[in-house]
Amino acid sequence: MEASTILPVLKKKLAFLSGGKDRRSGLILTIPLCTEQTSMEELSSTLDYLLSIPSEKCKARGFTVIVDGRKSQWNVVKTVVLMLQNVIPAEVSLVCVVKPDEFWDKKVTHFCFWKEKDRLGFEVILVSANKLTRYIEPCQLTDEFGGSLQYDHMDWVNKRLVFEKFTKESTSLLDELAVINENEKASQPDKASRPSDSNVLPSFDPETVLQTGHELLSELQQRRFNGSEGGGGGGGTAWSPMDDELLAQPQVMKLLDSLREQYTKYQEVCRQRSKRSQLEEIQTKVMQVVNWLEGPGTEQLRTQWGIGDSIRASQALLLKHEEIESQHSEWFAVYVELNQQMAALLSAGDDEDLLELKALQQQLSDVCYRQASQLEFRQNVLQSAHDFHGTAQDLSQQLDGLLGMLCADVAPADGAAIQQTLKHLEEKLKSVEGALQSLREKGQVLLEQISNQSSWFYGKDMQIENKENIDHIHSIMEDMQLRKQRCEDMVDVRRLKMLQMVQLFKCEEDASQAVEWLGELLDALLKTHIRLGDDSQETKVLLEKHRKFVDVAQSTYDYGRQLLQATVVLCQSLRCTTRSSGDTLPRLNRVWKQFTVTADERQHRLDMASTFHTAADRVLKEGSEPGELLDVEVFEEVETVGKALLDRLTVPVIFPDGSEQFFGSPGDMASSAENIRDRMKLVEDKRLQQEEAEQLQEEVALEAGPDES
């Protein structure tokens, strides 16, 4: 088991070897229990790891286990002690359970460890922390038990990680270096038959592993012994947890010595191997690269000249070019490697064939740079062609979409939808203009590249092929320009039609508004135009207001009729029918007829009221003069008109469709009728007074007659 596999558990410090020893020279194993619940599985893993560290000789002396239960519960302590029976029964000599000062006395009576000694296999004692020195010297105890032994758990964990890592890497590296050196030694007599794995490299960097080992050894030597000035009677020696019994210092030294020896041999092997391999392979590889680039590589480029007639074709050419580049990249990688090898050999200056090596290097560089330039130029042309065709395709799709919008029937729901459609058309047209400008720019770049294409085709005549490509580019740009112009013309026509539709919707909306206004006037006429006046003067004022009210309604009706006539004209111009004009005119006429019937009824009632109040005023005014008598017809007129008016108030307004509607509420009608009755009563009282006066005059005349005779 390695520390790295249980590192999170080790960091919890569930148990540790402090380096202290008991009086039998046995190691002290400390288990510090805490207030939190301790995982028995994690504690078992920690103990397994810690017990794997000491040597068998050290284990044979036995362990003294300190179970610190001062911060834990009794049942946890009992579980831990019993667990030691399964984990390390043979190695445990003594278990010291450090108890708290006050809380366990009663609980201990239920379980006595000393009775279980035979079954457990070790002795268990309960002891207070201040009495632990009876069994262990203070210099061998850590400070939490009143001792002077210094212990840093995280430092110990880190050093264990370093030690185990070094041991693992150095052992593996020694095996690998030994195999490499032996293989090289066996291949020296017969160089031609060297094994294929002669260039195998070790898994770890020897320098790094050696540096780690030296640092670890230095740390071990410094921590071998630490002087203790605290407990243990003073001047005692406290064992460090990095003691050679826990981390064997001789083992590190032995690994370092073996590693240095094998690494020295390996370095010499590498030098010989590198020199031999480079000298044998470099010339062959150079000629392979040059022959392929000037042969098949150049022929591949000579067959590529077109730019495609669509984005799909240009993509296919790009894919083909990527295949060509991929084949070249393999040879360029060989070139880079060869160039580095040749530069290293030339800088060493210990080869006899320096002039030939320089000539090979120059030839290889010239061929590779020329071929790379040709590949890059062809890549740029194909990329420009792909961009050009992609822009042309996008522009074509935009023009198709714009044309589809222009050819579709226009059926917007309202003026706002029309404005949104117009805005959308303008945005699409602007986008088309931008795409066309981009197409022109990319086409010009592509034309300039094509005009320079023949410079790297090794004398091949490219005029015919270039002319086809140039004509194709011009044809696409001209076709897109014509399509764009046609769409612009159609957009102008559509814009005019849209503006007319805006006017149409505005007329329909205003006509509907006129119907609503007229309905509101009718509603106001029925609900608020109720009073008939208290006298003839007030009735005349109401008649004047009524005439003005009717004039307003007439103007509203005429305005609605004019709007509907304009709607008809616009519909004929647009060759379409609207959804609202079909029922707006009947609604307008229906409301207007209802209004005229109501207004006529209101006019008639006001006329009757005016006649009634005029006659009543004359009776009440003229009859107030002393000795003045009125004709009976005047009183009868007031009574007749008043009764007719009262009867009229009870009659509803009957609309052309047969529906009925009363003026105001019943209370309003009752108030008006009460006013009329009051006036009629006044006139009736006046008539009675006049009759009494006439009767009195007759009686006076009769009495005067006999006297005169």
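Strands in this account are DSSP runs of E with at least two residues, numbered from the N terminus. By that convention serine 25 sits in the loop between S1 and S2. The model is a predicted one, and this loop is a convenient place to enter it.

Serine 25 is not a glycine, yet its phi is positive, at about 70 degrees. The residue belongs to the hairpin formed by S1 and S2, in which five residues separate the strands. Its relative accessible area is 35%. Since buried means under 20% and exposed means over 50%, serine 25 is therefore classed as partly exposed.

The strands on either side of this loop are S1, residues 16–21, and S2, residues 27–32. They pair in the antiparallel sense, over three bridges. Across the pair, leucine 17 stands opposite leucine 29, a residue of S2. Six of the six residues of S1 are buried, so the strand is largely enclosed by the rest of the structure. S2 has the highest confidence in the protein, with a mean pLDDT of 90.

On the other side of S1, the loop that joins helix H1 (7–11) to this strand contains lysine 13. Lysine 13 likewise has a positive phi without being a glycine, here of about 60 degrees. With a relative accessible area of 27%, lysine 13 is partly exposed.

Much further along the chain is helix H15, which spans residues 581–622 and includes serine 610. Is serine 610 buried or exposed? Its relative accessible area is 15%, which is under the 20% cut-off, so the residue is buried. Once neighbours within four places in sequence are set aside, serine 610 is in contact with Thr539 and Leu543.

Two cysteines can be described in the same terms. Cysteine 139 has a relative accessible area of 8% and is buried. Cysteine 368 also counts as buried, at 3% relative accessibility. How many disulfides does a search of the whole structure find? The search returns zero.

The totals for the protein put these details in context. It has 709 residues, of which 42% count as buried. Its secondary structure consists of 17 helices and nine strands. Of the contacts between residues at least 6 apart in sequence, 82% join residues that are at least 24 apart. The accessible surface comes to about 38,500 Å², and carbon and sulfur atoms account for 51% of that area.

Confidence is the remaining topic. The mean pLDDT of the protein is 80, and 84% of the residues reach 70 or more. Where is confidence lowest? That place is strand S6, residues 225–227, where the mean is 40. Over residues 225–240 pLDDT stays under 50, and the model has 27 contacts beyond four places in sequence for this stretch. Residues 458–462 also stay under 50 in pLDDT, and for them the model has 10 contacts beyond four places in sequence.

Methods. Residues numbered from 1 in each chain as written. Predicted model: local features only at pLDDT ≥ 70, side-chain atom pairs only at ≥ 80, totals over all residues. Heavy atoms only, no water. Helix = DSSP H or I, 4+ residues; strand = E, 2+ residues; numbered from the N terminus. Buried < 20%, exposed > 50% of the residue type's maximum accessible area, 1.4 Å probe, protein only. Contact = heavy atoms within 4.5 Å. Pairing = 2+ DSSP bridges. Areas by Shrake-Rupley, 256 points an atom, 1.4 Å probe, with all protein chains shown as cover. Disulfide = S-S within 2.5 Å. pLDDT = per-residue confidence, 0-100.
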